[in-house]
Amino acid sequence: MSRLKQCLAKEFEIKDLGQLIYFLGMEIVRSKEGIVVSQRKYTLDLLKETGMSGCKPADTPIEANVKLGEVKGGVHVNAGRYQRLVGKLIYLSHTRPDIAFAVSMVSQFMHSNCEEHFEAVFRILRYLKATPGKGLFFGKNQQRGIEVYTDADWAGSITDRRSTSGYCTFIWGNLVTWRSKKQSVVARSSAEAEFRSMAQGVCEVLWLKRVLEELKQPFSLPMRLYCDNKSAISIAHNPVLHDRTKHVEIDRHFIKEKLDEGIICTPFVPTVKQLADVFTKSLMRQPFELQVSKLGMIDIFAPT
C-alpha cells in the first residue's frame, strides 16, 4: 500500500483493490510511457445494442460543413430512443473529445428531433465503428505549464445564429478538459464570439490552477491562452473601452485583470494550429485526424 493510501487508511475505512483497471465503463492501461484511458467495451456494447456492429464505418463523426437545425414539417422520430442514444454518447464523450462537437450538435434537439437528427446520431455510431478503441493518452514529461486553446464558430447555428464556443486545456502537456457548447447570446461579430470563448477558457484555467494549488502540484506562470483571432487579443489588451467593446465589457475587464496580474498571456496561434477548432465545427477527414492526433488520442487496440 502506498504512503498516500496509508494516510487515508488512518482516517477512513478503506480497502486496497490494487491498480485501477476498469471503472464505470472506462478502461485504464498503464505502461512506462504513461496511461491510456478508453471506453472500448462501452463503445462495442453500444454498437451491439443499436444494431450497428456491422455498419459501414465513417471517417469523421459528422459530415464536413453540415449544419443541423429544426426541420419544419419533418417526420418526428421516437423521442425516447433518441434521448437514450444521445445520453449514452454524452457519457462516451468523457474520454472521446473527437466526438464532442458532434454530440453537442445532436444534443440540441432532444425534444424536437427528426429523421435528419437521427441520421446524424447514426453517423457518430458509424465513426465509432471505425475507432472503437480510441482513448486519451496521458504521458510522462517534464512540462509544468497549463495551456488552453479557445475558438469559436461565428453564427454557426442556422436555427438562431448563435456561435459555438470550444476550448481544450492541457496540464503538463496532457489534455484534461474540453468543451463544445453553443453561446447563450448572439454575437454581433466574430471578434465578440472569439472573445466570449476566451473568457470561458480563462475561467477553466483559473479553476485548474486552484485545483493544482490545493494538490500542492507545481506549475509555471503565466498560463498560455491561445487564440487565432487578433482582434479578440487586441481587445483583451486594450485598456480603452469604446463602442466596439461595450457589449463585452464584463468579459473584457475580467480577462484584462488576469493579464495584468500575470496569470495568463494570450499568444496568437494560426488557425491551422488551433487545436480547439475540432470543438467548434465539422472538418474534412485530413484536418480532423490531424487535430485529433494532437489532442493526444491513440488506439492501443489497433493492429500494428
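Let's start with Pro-222, which you'll find in the loop between α6 and β8 (223-226). Look at how this proline is joined to the residue before it: the peptide bond from Leu-221 to Pro-222 is cis, and its omega is near 0°. Keep in mind as you go that you're looking at a predicted model.

From that loop, step back to helix α6 itself, which covers residues 190-214 and has helix α7 (residues 230-237) as a partner. The axes of these two helices come within 8 Å and cross at roughly 60°. That angle makes α6 oblique to α7, since the oblique class leaves off where the roughly perpendicular one begins, at 65 degrees. The crossing is a right-handed one. Who does the touching? On the α6 side it's Ala-191, Glu-194, Phe-195 and Met-198, and on the α7 side it's Ser-231, Ala-232, Ile-235 and Ala-236. Sort those by class and you get 6 nonpolar residues, 1 polar and 1 charged.

Met-198 is worth remembering, as it also turns up in the surroundings of Thr-266. Thr-266 sits in the loop between β9 (264-265) and α9 (285-294). Is Thr-266 buried or exposed? Its relative accessibility is 9%, so it counts as buried; the cut-off for that label is under 20%. Setting aside neighbours within four places in sequence, Thr-266 is in contact with Met-198, Leu-225, Ile-233, His-237 and Leu-259. With His-237 there's something extra to spot: the two side chains make a polar contact, at 3.5 Å.

Now move over to helix α8 (residues 249-260) and pick out Phe-254. Here the relative accessibility is 23%, so Phe-254 counts as partly exposed. If you skip residues up to four places away in sequence, Phe-254 touches Ala-199, Val-202, Cys-203 and Leu-206. You can also compare Phe-254 with Ala-236: they're 18 residues apart in sequence, and their C-alpha atoms are 9.1 Å apart in space. Ala-236 should look familiar, as it's one of the α7 residues in the contact with α6.

Another pair of helices lies earlier in the chain: α3 (residues 79-92) and α5 (residues 115-130). Their axes come within 11 Å and cross at roughly 40°. That makes α3 oblique to α5, because only angles under 35 degrees count as roughly parallel. This time the crossing is left-handed. From α3, the contact is made by Arg-81, Tyr-82, Leu-85, Val-86, Leu-89 and Leu-92, while α5 brings in His-117, Phe-118, Val-121, Phe-122, Ile-124, Leu-125 and Leu-128. By class, that's 11 nonpolar residues with 1 polar and 1 charged.

To finish, have a look at two residues with an unusual feature in their backbone angles. Asn-65 isn't a glycine, yet its phi is positive, at about 65°. You'll find Asn-65 in the loop between α2 (40-49) and α3, and it's exposed, with a relative accessible area of 65%. Arg-161 is the other one: its phi is near 60°, again a positive value in a residue other than glycine. Arg-161 belongs to the loop between β5 (146-153) and β6 (164-171). How exposed is Arg-161? At 46% relative accessibility, it counts as partly exposed, because the exposed label needs over 50%.

Definitions and conventions:
Residues numbered from 1 in each chain as written. Predicted model: local features only at pLDDT ≥ 70, side-chain atom pairs only at ≥ 80, totals over all residues. Heavy atoms only, no water. Axes fitted to C-alpha atoms, helices over the stretch in contact; angles between N-to-C directions. Helix = DSSP H or I, 4+ residues; strand = E, 2+ residues; numbered from the N terminus. Parallel < 35°, antiparallel > 145°, perpendicular 65-115°, else oblique. Left-handed = near helix turned anticlockwise from the far one by under 90°. Contact = heavy atoms within 4.5 Å. Nonpolar A, V, L, I, M, F, W, Y, C, P; charged D, E, K, R; others polar. Buried < 20%, exposed > 50% of the residue type's maximum accessible area, 1.4 Å probe, protein only. Polar contact = N/O pair within 3.5 Å; in protein donor to acceptor, adjacent residues only side chain to side chain.
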